[in-house]
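Reader: I should like a close look at one part of this model, namely a strand in the interior and the elements on either side. Please set out the criteria as you proceed, and then place that part within the remainder of the chain.

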Amino acid sequence: MSNPPPQPSLGYSISFSSPSQSDTPSPDPAKNAMPPPPPPPSVSPGQSRFPPPKFQLDQFPSPSVKTPNGPSPASGGGGLKTGSPIPHLSTPPGPPVFTSPVRPAAVPFRASPVTPQPVAFSPAASLPTSSPVNFSNGSLELDHQLSNVTDDDAVPVGEPPYVLFSAHKVLKQKKQANVPSLGFGALVSPGREISPGPQIIQRDPHRCHSCGAYANIYCNILLGSGQWQCVICRELNGSEGEYIAPSKEDLSNFPELASPMVDYVQTVNNRPGFVPVSDSRMSAPLVLVIDECLDEPHLWHLQSSLHAFVDSLPPTTRIGIVLYGRTVSVYDFSEESVASADVLPGDKSPCQESLKALIYGTGIYLSPMHASLPVAHAIFSSLRPYKLNIPEASRDRCLGTAVEVALAIIQGPSADISRGVIKRSGGNSRIIVCAGGPNTYGPGSVPHSFSHPNYAHLEKTALKWMEHLGQEAHRHNTVVDILCAGQCPVRVPVLQPLAKASGGVFVLHDDFGEAFGVNLQRASTRAAGSRGFLAIRCSDDILITQVVGPGEEAHVDTHETFKNDTSLYIQMPSVEETQSFSLSLENKRDIRTEYVYFQFTTQFLNVYQADISRVITVRLPTVDSVSAYLESVQEEVAAVLIAKRTLLRAKNSSDAIDMRSTIDERIKDIALKYGSQVPKSKQYRFPKEMSLLPEHLFHLRRGPLLGNIVGHEDERSVLRNLFLNASFDLSLRMVAPRCLMHREGGTFEELPAYDLAMQSDAAVVLDHGTDVFIWLGAELAADEGKSAAALAACRTLAEELSELRFPAPRILSFKVFFPCPAFYFFFGCFLMPRNEVEPNDSIVKQEGSSQARYFVSRLIPAHKDPPYEQEARFPQLRTLTIEQRTKLKSSFISFDDPSFCEWVRSLRVVPPEPS
């Protein structure tokens, strides 16, 4: 095989070509301790119906995730929780209380650093141990000497909260395991923040001299010599006598041998040229790059959001303000209470002479908030609306030049580069672009009109230039977030490479109001580690076939290597808790061992300039029984992994239509491979162990990711990229919405996301990840007192659910005044409803508005199903009277969109019984 191709840039797809593999069992470990590494990646020439997954780096647990057998060492034996009660919410008429377990909110967003401060360390907690057990790994001469740190029964077979597998067991037979329609994989969140966090270790780790794996809880130890056996390559390694112990119980005093996840922390920085700096200098700078080509209504909202934003910043935060239109204005904080700016041309990149004159001049362009807050308010108040009579999309905006100038300001004058010594701020610096339209002037720009004769070439050139600028920002530890708002198309494909290559996010908003202001604050305060690498090692019987997430394959020169290291290294622009990587895994051959092992190592620099090496080791048992494997399948994790593999190929609306057919084929193939045939019928029963999976995939098929809900390609592109990089919690909510019905007394009941929840006397909260809807029925809306209390409770619940989520979702609420509560989206056309929508806050939702149809089109249309099926899948109907059910049935409009049961039957599959 030829040499591996050069390192891909973000957004390119590379596949791992599997060698010719037979179904022969793997050799005995004693006879073949170290098989040859797999071949390097090569470009995949084609795709099948379920194509071999590609290595694509585009970019927790929910209560229904099944728990592994065995206690969790991190939780003292409690294992993975299957649910968490929602805290009481303080709303009239009383704090909401849930009558059924409610899934926790999306991935936590906090202003605290990704990892604990390296000054307060928790002592190592030892696990309960029992009598020593002899371990056999095919080496007879070591059987009586090797000692596992803990008994097999005392060590969990599940995964730490940083890693979620689609099943807690692995099939031994290659042919049974490698079924593409279901697949096997994992979701890895290396920067996730949990409490309690991993054990902290302030010393060098013990690593395998052969493959580079770390010593861990599953290693076998020679108590007399302190040697330990690597779980990945089975080689023996020395520990410099540290692991010499009289008994196995004494080994549990080492954190890495007592917990499946640890953090190795080095607070003394050994990098040449590094010097400690004061706390004020440690605050990473933040530069706002603001579009000045806004109309008056948008500008009012933006000014309000900016004023609130600077008021929320910590006093030590250093801020810079840059405006762009046809020119770039860099504001000077040296003039107290006066808006003063230096102006640079925007038609070309700034030359070195211009930047030197700016940076070495007398102006102050980065200033701490405690000294510059009045000036910042004066600058925002001085902004004026666009005066020329030119359409929004045709106005000159030199966004690329403005970001270049902002980067130059962050790098600073020669005071920061003195005698070859570089002073670095803690964590990543951040540029936040507030854009209201496309980049149409200067470098990286595209023509105003798509009809330009050379548009395709200019767009391609702009894409490359923006990606290069993002890579340059990443090289200087600067993240570029782009927050867009308004109704003007911003040409997402052109701007997205800038955010993506730098490790930032791209978010679209309806306007510069509440949701924009919240995301502005959360973008600036979220902690981000820098210089991140993710190394993935697994047992030799397992092959990594695809990775999807916020990074790219690391070049061999950028990371350490070992002589027999077959691990996959991924370079991450930033390490944040809102991110995750999805892995697709396959069996290389039939597995003969009782367990397979996985080790995930994340190396990064946190905001306190501490080098962190987070090591997570997972052991999964192997089984011959297909039914045992299906019992261990985590339906929600499997649904998210399938969705990410599917969305990876849905690059445009045409691809999305094709991917809906792929979903259909998956359901049929899973039923064929794992289900059973109905006697005297051509139908197959879907496996009862995965009863929720088809419903999640039906939501995916109809929802905004693949369905017709999203109208503009810009919005679809942003949602797709957000989803591919998102954490498990946010990804799951974007696939399958969560429905909560308000009850008297301030309680909430979780119900299936069916249109049967739209009852005239009820209030419903629907959480769909990037949008949270509040719906009030006609009868409830008619009672002013009850509707006000219900709306307040629902609003507080919606804010509570999205409080820690980034990007912050839109919260849309409306009331139905006429008897009919239902309206539907049909074949891409919105049928006019027989209802009115009441505006909430500043969001106006007119009759037939897109926001209104967004709500009902995200619910499964179950009103046409027979009553017995409705009751089986929506048990709350049994509490309604005959009159209420008749009234509910008559309120729906007839249309041809199939229900979930109708869709499954159309595939010649029997719908699974509800769990």
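Author: The account below begins with the strand and then turns to the cores, two further sheets, the cysteines and some backbone details.

This is a predicted model, in which local features need pLDDT of at least 70 and side-chain atom pairs count only at pLDDT 80 or more, while totals for chains, interfaces and linings use all residues. Residues are numbered from 1 along each chain as its sequence is written, and side-chain values use heavy atoms, with hydrogens and water left out.

The strand in question is β21, residues 478-485, and eight of its eight residues are buried. Here buried means under 20% relative accessible area, exposed means over 50%, and partly exposed lies in between (1.4 Å probe, protein chains only). Strands are DSSP runs of E with at least two residues, helices are runs of H or I with at least four, and both are numbered from the N terminus. The cover extends to both faces of β21: Thr478, Val480, Ile482 and Cys484 are buried on one side, and Val479, Asp481, Leu483 and Ala485 are buried on the other.

What joins β21 to strand β20? Seven bridges do, and β20 (residues 429-435) runs parallel to β21; two strands count as paired if DSSP finds at least two bridges between them. Within this pairing, isoleucine 431 has valine 480 of β21 as its bridge partner. Helix α8 (residues 455-475) completes a right-handed β-α-β unit with β20 and β21. A crossover is called right-handed if, with the strands pointing away from the viewer, the path from the first strand over the helix to the second runs clockwise. Beyond β21, the chain passes through helix α9 (residues 492-502) to β22, and this β-α-β crossover is also right-handed. Strand β22 (residues 506-509) is parallel to β21 and is joined to it by four bridges. Leucine 483 has valine 507 in β22 as its bridge partner.

The nonpolar cores come next. A nonpolar core is a set of buried Ala, Val, Leu, Ile, Met, Phe, Trp, Tyr and Cys residues joined through side-chain atoms within 4.5 Å. The largest has 107 residues, of which Phe165, Phe598, Phe600 and Phe855 touch the most other members. Helix α13 (residues 653-674) supplies the largest share of this core, seven residues. A second, separate core has 40 residues, among them Val287, Cys398, Leu469 and Val718. In soluble globular proteins, nonpolar side chains tend to be buried together.

Phenylalanine 600 has contacts, defined as heavy atoms within 4.5 Å, with residues including Val163, Phe165, Val188, Leu583 and Arg614, residues up to four places away in sequence not being counted.

Some of these partners can be placed in an open sheet of four strands, with antiparallel pairing and the order β5-β7-β27-β24. Its edge strands, β5 (163-165) and β24 (542-548), each pair on one side only. Strand β7 (residues 184-188) and strand β27 (residues 581-587) are linked by five bridges in the antiparallel sense. Valine 188 stands opposite phenylalanine 581 in β27.

A three-strand open sheet has the order β30-β31-β39 and mixed pairing. Its edges are β30 and β39 (909-910), each with a single partner strand, so one side of each has no neighbour in the sheet. The pairing of β31 with β39 is parallel, over two bridges, and arginine 685 stands opposite valine 910 in β39.

With a disulfide taken as a pair of cysteine sulfur atoms within 2.5 Å, the count is zero. Why is cysteine 208 not bonded to cysteine 233? The sulfur of cysteine 233 is the closest cysteine sulfur to that of cysteine 208, but at 3.5 Å it is too far for a bond. Cysteine 398 has its closest cysteine sulfur in cysteine 293, at 8.2 Å, which is likewise too far. Cysteine 208 is buried at 0% relative accessibility, and cysteine 398 is buried at 0%.

Finally, some backbone details deserve attention. Most residues other than glycine have a negative phi, and most peptide bonds are trans. Glutamate 240, in the loop between β11 (236-237) and α2 (248-251), has a positive phi of about 55° and is exposed at 78% relative accessibility. Lysine 680, in the loop between β30 (676-677) and β31 (684-685), has a positive phi near 55° and is exposed, with a relative accessible area of 91%. The peptide bond from phenylalanine 806 to proline 807 is cis, with omega near 0°, and proline 807 lies in the loop between α18 (784-801) and β36 (810-815).
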